Amino acid sequence: MSEPIIEGAFDIIEFRRALGAFVTGVTVVTTIQSDGSPRGFTANSFSSVSLDPPMILVCIAKTASSHAVFSQTDHFAVSILAEDQKGVSGVFASKSPDKFAQVAWRARATGAPVIDGAAATFDCRTHEVVDAGDHVILLGRVVDFVHTNSSPLAYCRGAYVNFSLSQEALAVTGARARVGAILEHRDGLVLLETRNGLELPTGVKLEPQSDTASLRGVLAKLGLAAHLDFIFAVFESGNGPSASVQVYYRGRVSSSGAAWMDSAIHIVPLSQISWSELRDEAVRLMLQRYVRERSEDAFGIYVGDTEAGKIQTLSITH
Ligand SMILES: Cc1cc2nc3c(=O)[nH]c(=O)nc-3n(C[C@H](O)[C@H](O)[C@H](O)COP(=O)(O)O)c2cc1C
């Protein structure tokens with residue numbers, strides 16, 4: 001059960017979290033500025049608008065450094081990223097001065113650049129620029145488009161979603177497996193204190209809850225009511241007979257059902273994880289990627305730790 005959000009004073013952080021429940025694709029919006037150099041930013045605010053005439057829209061924050069360029073340009077392109085292009089999303093969500101040196105791209109009919117390998121691209125003339133609060137809406141009249149069979153990259157609740165991972169996870173049935181969860185609670189991550197340092201909750205399979213060796217069983221034993229949203233990572237670790245396939249879900253603790261009992265549970269703010277205590281290197285690398293992706297936030301504001309330096313241990317709440 002999800003916690004209902006209390007009405008009253010408008011809480012912008014909660015508003016952003018609520019918006020994050022809408023699963024989107026990830027695009028890179030590009031143009032050529034007046035000095036002839038390319039300019040671009042990552043956007044998930046893309047939407048189709050009209051089929052006839054063909055129109056799309058994307059929103060750019062007034063705080064973006066390329067806001068003035070996109071508000072004035074008479075053309076722009078949108079590249080819908082493929083699922084292997086998280087890195088491209090990261091480059092264009094950054095303030096790097098040479099974003100286009102880091103990716104392969106080509107110019108389309110209007111002159112606007114598009115990203116090679118994208119799932120689809122739309123080349124547009126600017127139809128209208130609409131002022132909308134702290135963003136402007138760029139309405140584009142599509143003059144040309146290309147699409148491929150590549151699976152698109154998705155984005156939900158501040159992290160990327162890779163839909164093909166569920167196929168990979170299904171393919172590993174039979175192999176020795178560890179199934180784990182990257183669980184967020186408030187602004188922190190659930191980590192368990194063990195004799196081997198900090199670990200994520202894991203089991204030998206996902207279900208059933210009645211099996212204490214399964215992930216659901218482990219979570220139940222810890223007193224953690226959790227929603228598992230998507231598979232975040234599937235990878236092999238170890239060699240020879242100790243080799244196993246690890247499948248990690250990402251999800252959230254639903255506090256409403258909480259009767260937490262276990263002092264081994266730590267809620268660690270994403271920015272405060274002591275990496276040296278995560279001994280499993282593959283898991284550490286995966287979590288570092290998770291934290292990096294969560295901090296490349298869609299609206300440029302990192303909804304991270306508000307209580308710097310504090311590791312909260314869950315106490316019994318009745
Ligand atoms: C997945 C994702 C989606 C984003 N969506 C938008 C968006 O729709 N509009 C926007 O203005 N910024 C968005 N951003 C943030 C910008 O990409 C980021 O602020 C970037 O630095 C802007 O580039 P600029 O400063 O060079 O203009 C998004 C970032 C990520 C990671």
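Pro53 sits in the loop that runs from strand S4 (47-50) to strand S5 (55-61). This is a predicted model, in which local features need pLDDT of at least 70 and side-chain atom pairs count only at pLDDT 80 or more, while totals for chains, interfaces and linings use all residues. Residues are numbered from 1 along each chain as its sequence is written. Helices (H or I, at least four residues) and strands (E, at least two) are DSSP runs, numbered from the N terminus.

**Two cis bonds and a positive phi**

The loop with Pro53 is a good place to start looking: the peptide bond from Asp52 to Pro53 is cis, with omega near 5 degrees. Another cis bond leads from Glu207 to Pro208, with omega near 0 degrees. Pro208 belongs to the loop between strand S16 (202-203) and helix H5 (215-222).

A further backbone feature is found at Arg157, where phi is near 50 degrees, a positive value in a residue other than glycine. Arg157 lies in the loop linking strand S11 (154-156) with strand S12 (159-161). A residue is buried if 20 or more other C-beta atoms lie within 10 Å of its own, exposed if 12 or fewer, and partly exposed in between, with C-beta atoms placed from the backbone. Arg157 has 18 C-beta neighbours inside 10 Å, so it counts as partly exposed.

**The protein as a whole**

Stepping back, the protein has 6 helices and 20 strands. Of its 318 residues, 33% are buried. Two residues are in contact if their C-beta atoms, placed from the backbone, lie within 7 Å. Among the contacts with a separation of 6 or more, 65% come from residues 24 or more positions apart.

**How strands pair**

Two strands pair if DSSP finds at least two bridges between them. Here are some antiparallel pairs to look for:

| Strand pair | Bridges |
|---|---|
| S4 and S5 | 3 bridges |
| S5 and S10 (residues 135-147) | 7 bridges |
| S11 and S12 | 3 bridges |

S4 and S5 are joined by a hairpin through 4 residues, and Ser50 has Met55 in S5 as its bridge partner. Across the pair of S5 and S10, Ala61 is partnered by His135 in S10.

S11 and S12 also belong to an open sheet of 3 strands, with the order S1-S11-S12 and antiparallel pairing. Strand S1 (24-25) and S12 stand at its edges with a single partner strand each, so one side of each has no neighbour in the sheet. Within this sheet, Tyr155 stands opposite Tyr160 in S12.

**Following Val58 and His135**

Is Val58 buried or exposed? Val58, in strand S5, is buried because 23 other C-beta atoms lie within 10 Å. Leaving aside neighbours within four places in sequence, Val58 is in contact with Thr27, Val29, Ala43, Ser45, Phe46, Val78 and Leu138. The C-alpha atoms of Val58 and Ser45 are separated by 5.3 Å, although the two residues are 13 apart along the chain.

His135, in strand S10, counts as partly exposed because it has 18 C-beta neighbours inside 10 Å. With neighbours within four places in sequence set aside, His135 is in contact with Cys59, Ile60, Ala61 and Lys62. His135 and Val58 are 77 residues apart along the chain, and their C-alpha atoms are separated by 9.8 Å.

**The nonpolar core**

A nonpolar core is a set of buried Ala, Val, Leu, Ile, Met, Phe, Trp, Tyr and Cys residues joined through C-beta atoms within 7 Å. The largest one has 70 residues, and those with the most contacts inside it are Val58, Val78, Leu81, Ala181, Ile182, Val190 and Tyr248. Domain 1 (22-156) and domain 2 (164-313) both give residues to this core, so it lies between them; the domain bounds come from an automatic or database domain assignment. Not counting residues up to four places away in sequence, Ala181 touches eight residues by name: Leu200, Pro201, Leu215, Ala226, Leu228, Tyr248, Tyr249 and Gly251.

**Around the ligand**

Which residues are closest to the ligand? They are Phe41, Ala43, Ser45, Ala64 and Ser66, out of 21 residues that surround it (a residue is near a molecule if its C-beta atom, placed from the backbone, lies within 6 Å of it). Strand S3 (38-43), S5 and helix H3 (86-92) each supply at least two residues of this shell. By class, the shell has 11 nonpolar, 8 polar and 2 charged residues; Ala, Val, Leu, Ile, Met, Phe, Trp, Tyr, Cys and Pro count as nonpolar, Asp, Glu, Lys and Arg as charged, and the others, Gly among them, as polar. Both domain 1 (22-156) and domain 2 (164-313) give residues to the shell, so the ligand lies between them.
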